[in-house]
Amino acid sequence: MMREAIITAAREAAFVTRHKKVQIDYKTRSHKGLPIRFLFECAQKLNMKPLTSALAATMFHRFFKEVCTNEYDPYMIACTCLHMASKVKEDKVRKRDVINVAYSTIHRGSEVLELSDEYWAMWDTIVQSELLVGRMLKFDMTIDHPHKYMLHYMRSLRDLFGVKEWAAMPVAPTAAAFLQDFHMSPKILDYPASHVAVCCLVLACEVYGTVVPLTEHADSSDNWYKVFCPDLTRDVHWDIIEDIISVYGAEATIEEK
């Protein structure tokens, strides 16, 4: 994909796709991208912190990287990862709330699930699944999150632009949105966290035509990211950006009726 096409797709994602959300019927639709979308929809309803939902998504992708997708219910694994992530990040989310939100998201318009056999079956499934997910991840819940790198890079850019100018630009929230959305793809596991973070920032700058100060007269004003990630090659940089943009193409496919 040519650079111009990538940037055009990114602009569409920033201005249109991310703000267009179609309600999905998870009971009748079948698409490999539905479970991770379900995970983020539930996380939003549970008012989870971005870092918590990002951890849940990472755990979800790591789990299904180790097992066959057809062997486990991805929606119950998504619920399990949400609850486990909330405990790791000390985000106060009760298991009962996870169950009720998950049930109402799958069964649109239904009442709160009573303390019935179905409720306790979901409870027991999550308990057992936590042990399963823990074993598959070798009980390693330590994730090198891109968020901390992005925060560090943003602070450096803020100092270059100036506090007022940086606050007035939409680059930071757009980069953060790109990062969060990229967690919907298992490809986020393929790259170092620092590379993912800086590529989200580069993409946001490209979308808004933002030129980083002191690079106007450089041979190439778009490779300022080398200051943050000297080991990030240009080819890998564009591979990551293409993978970020592909998330929105997958979303559009899901939302097609």
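**Helix packing and loop residues in an all-helical chain**

In this predicted model, helix H3 meets helix H4 through a broad list of residues: Thr52, Leu55, Ala56, Met59, Phe60, Phe63 and Phe64 on the H3 side touch Pro74, Ile77, Ala78, Cys81, Leu82, Met84, Ala85, Ser86 and Val88 on the H4 side. Sorted by class, this contact holds 14 nonpolar and two polar residues, with no charged ones. The axes of H3 and H4 lie 8 Å apart and form an angle of about 135°. Because that angle falls outside the ranges for roughly parallel, antiparallel or perpendicular pairs, H3 is oblique to H4. The crossing of these two helices is right-handed.

Helix H4, which spans residues 74–88, also packs against helix H5, residues 95–106. Here the angle is about 145° and the axes are 10 Å apart. The crossing of H4 and H5 is likewise described as right-handed. From H4, the residues Tyr75, Cys79 and His83 take part, and they meet Lys95, Val98, Ala102 and Ile106 of H5. By class, five residues in this contact are nonpolar, one is polar and one is charged.

It helps to set these pairs against the whole chain. The fold contains eleven helices and zero strands, and along the sequence the pattern reads α-α-α-α-α-α-α-α-α-α-α. Of the 257 residues in the chain, 51% are buried. The accessible surface comes to about 13300 Å², and carbon and sulfur atoms supply 54% of that area. Among contacts with a sequence separation of 6 or more, 76% join residues 24 or more positions apart.

Two loop residues deserve a look for their backbone angles. Most residues other than glycine have a negative phi. Asparagine 47, by contrast, has a phi near 55°, a positive value. Asparagine 47 sits in the loop that links helix H2 (34–45) to helix H3 (50–66). With a relative accessible area of 66%, asparagine 47 passes the 50% cut-off and is therefore classed as exposed. Glutamate 90 also has a positive phi near 55° without being glycine. The loop between H4 and H5 is where glutamate 90 is found, and its relative accessible area of 68% means that glutamate 90 counts as exposed.

Some pairings bring together residues that are well separated along the chain. Which residues does serine 185 contact beyond its neighbours within four places in sequence? They are His61 and Val247. Serine 185 belongs to the loop between helix H9 (171–182) and helix H10 (193–208). A relative accessible area of 9% is under the 20% cut-off, so serine 185 is buried. Serine 185 and aspartate 243 stand 58 residues apart in sequence, while their C-alpha atoms are 8.2 Å apart in space.

A second such pair starts from helix H7 (residues 146–161), which includes leucine 151. Between leucine 151 and alanine 197 there are 46 positions in sequence, against a C-alpha to C-alpha distance of 8.8 Å. Is leucine 151 buried, exposed or partly exposed? Leucine 151 is partly exposed, because its relative accessibility of 44% lies between the 20% and 50% cut-offs.

Conventions
Residues numbered from 1 in each chain as written. Predicted model: local features only at pLDDT ≥ 70, side-chain atom pairs only at ≥ 80, totals over all residues. Heavy atoms only, no water. Axes fitted to C-alpha atoms, helices over the stretch in contact; angles between N-to-C directions. Helix = DSSP H or I, 4+ residues; strand = E, 2+ residues; numbered from the N terminus. Left-handed = near helix turned anticlockwise from the far one by under 90°. Contact = heavy atoms within 4.5 Å. Nonpolar A, V, L, I, M, F, W, Y, C, P; charged D, E, K, R; others polar. Buried < 20%, exposed > 50% of the residue type's maximum accessible area, 1.4 Å probe, protein only. Areas by Shrake-Rupley, 256 points an atom, 1.4 Å probe, with all protein chains shown as cover. Parallel < 35°, antiparallel > 145°, perpendicular 65-115°, else oblique.
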